[in-house]
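Reader: Please take me through this structure and show me how to read its features, one at a time.

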Amino acid sequence: MSTLWDDLRRHTRARIGLGRTGNGVPTRQHLEFIAAHAAARDAVHVPLDVESLANRLRELGLGEAVTVHSAARDRETYLRRPDLGRIPEEGLSLHHTGSDIGIALCDGLSATALTTHGPDLVAAIAHALPGVTIAPPVIATQARVALGDHIGAQLGVTTMLVLIGERPGLSVADSLGINLTHRPRPGRTDAERNCISNIHPPHGLTYDHAARVVATLVDGARRLGTSGVALKDTSRHPTLPETELTAI
């Protein structure tokens, strides 16, 4: 027999209506909570399998992936010093491609998310951006979003896409985000980026949905000459005039 809680659970992954046994929750729900907490911890601490990710990216035909590292020497430093995750290790040197689009795949706070969704999301993005040149992908470890500014500047791309593992929660440990920056260069602020979050099918955004938003934002950034707060997602309203891009 369906209950009110059963109906509500169809619309959320939040833990609602767990019930109770004495002063605690039922054993099953308690064990599920512990398992979710362990998955979230693993997402943060398990190192990215760079070789496996590079092999999967090679199959996409975008060129050989390049691996870079932030100035954070290890995971403990990365978690304690976010500033070091935003800059590259000393001596970073990438080939200047002059491509339209650069893609960096960053472990962020969930290597699990990047491993699970990264290659398929890159494939969807490439499919959604016909007629543009895409630089060979870059895999970045111990990376924060702003590291993409250094990568994009050295690649010489017009627009940089940073695919990064998002902070895991107790309902989702494998959520991936995309941060888009037009004319990337060191010193860009978060206000100059656009973020597409919560990519983790089947419960979050699908790869195709996220790729459509990326395509719309790339086109808008080209026309406006900028990204960030002035650029809005019009993917659900493709008939809006260009002036609507700067509305709100």
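Author: Start with a single pair of residues: leucine 105 has isoleucine 139 as its bridge partner in E3. E labels a strand and H a helix; both are DSSP runs numbered from the N terminus, with at least two residues for a strand (E) and at least four for a helix (H or I). The model is a predicted one, in which local features need pLDDT of at least 70 and side-chain atom pairs count only at pLDDT 80 or more, while totals for chains, interfaces and linings use all residues. Residues are numbered from 1 along each chain as its sequence is written, and side-chain values use heavy atoms, with hydrogens and water left out.

Reader: In which sense do strand E2 and strand E3 pair?

Author: Two strands pair if DSSP finds at least two bridges between them. Strand E2 (residues 101–106) and strand E3 (residues 138–141) have 3 bridges and pair in the parallel sense.

Reader: In what order do the strands form the sheet?

Author: The order is E1-E3-E2-E4-E5-E6, an open sheet of 6 strands with mixed pairing. The edges are strand E1 (66–69) and strand E6 (193–199); each has a single partner strand, so one side of each is left without a neighbour in the sheet. From one strand to the next, the twist averages 20°. Such angles run from 0 to 180 degrees between N-to-C directions, along axes that are lines fitted to C-alpha atoms (for helices, over the stretch in contact).

Reader: How do I see the mixed pairing of the sheet?

Author: Look at E4, which pairs with E2 in the parallel sense over 6 bridges. One of these places is alanine 104, whose bridge partner in E4 is valine 162. E4 and E5, by contrast, run antiparallel and are joined by 7 bridges. Here leucine 161 has leucine 180 in E5 as its bridge partner.

Reader: Which residues of E4 are buried on its two faces?

Author: Buried means under 20% relative accessible area, exposed means over 50%, and partly exposed is in between, with a 1.4 Å probe and protein chains only. Thr159, Leu161, Leu163 and Gly165 lie on one side of E4, Met160, Val162 and Ile164 on the other, and all are buried. That gives 7 of the 7 residues in E4.

Reader: How many residues of helix H6 are buried?

Author: The count is 7 of 9, so H6 is mostly covered. An α-helix has 3.6 residues a turn, so residues three or four places apart point the same way. In H6, the buried residues are Leu147, Gly148, Asp149, His150, Ile151, Gly152 and Leu155. They pack against E1, E2, E3, strand E4 (159–165), strand E5 (176–182) and E6. After H6 comes glycine 156, with a positive phi near 75°.

Reader: What is aspartate 149 in contact with?

Author: Contact means heavy atoms within 4.5 Å. Aspartate 149 lies in H6 (residues 147–155) and counts as buried because its relative accessibility is 2%. Apart from neighbours within four places in sequence, aspartate 149 is in contact with Thr181, Pro184, Arg185, Pro186, Arg188 and Arg193. The side chains of aspartate 149 and arginine 193 make a polar contact at 2.9 Å. A polar contact is a pair of N or O atoms within 3.5 Å; within protein, one must be able to donate a hydrogen and the other to accept it, and residues adjacent in sequence count only if both atoms are side-chain atoms.

Reader: Which residue other than glycine has a positive phi?

Author: Arginine 183 is one, with phi near 50°. Arginine 183 sits in the loop between E5 and E6 and, at 48% relative accessibility, counts as partly exposed. Asparagine 198 is another residue other than glycine with positive phi, near 65°. Asparagine 198 belongs to strand E6 and is partly exposed, at 39% relative accessibility.

Reader: Where is a cis peptide bond?

Author: Proline 201 and proline 202 are joined by one, with omega about 10°. Proline 202 is in the loop between E6 and helix H7 (207–224).

Reader: What radius of gyration does the protein have?

Author: The radius is taken over C-alpha atoms, and the globule rule is 2.2 Å times the number of residues to the power 0.38. The protein has 20 Å, which agrees with the value near 18 Å for a compact globule of 248 residues. Buried residues make up 44% of the 248 residues.
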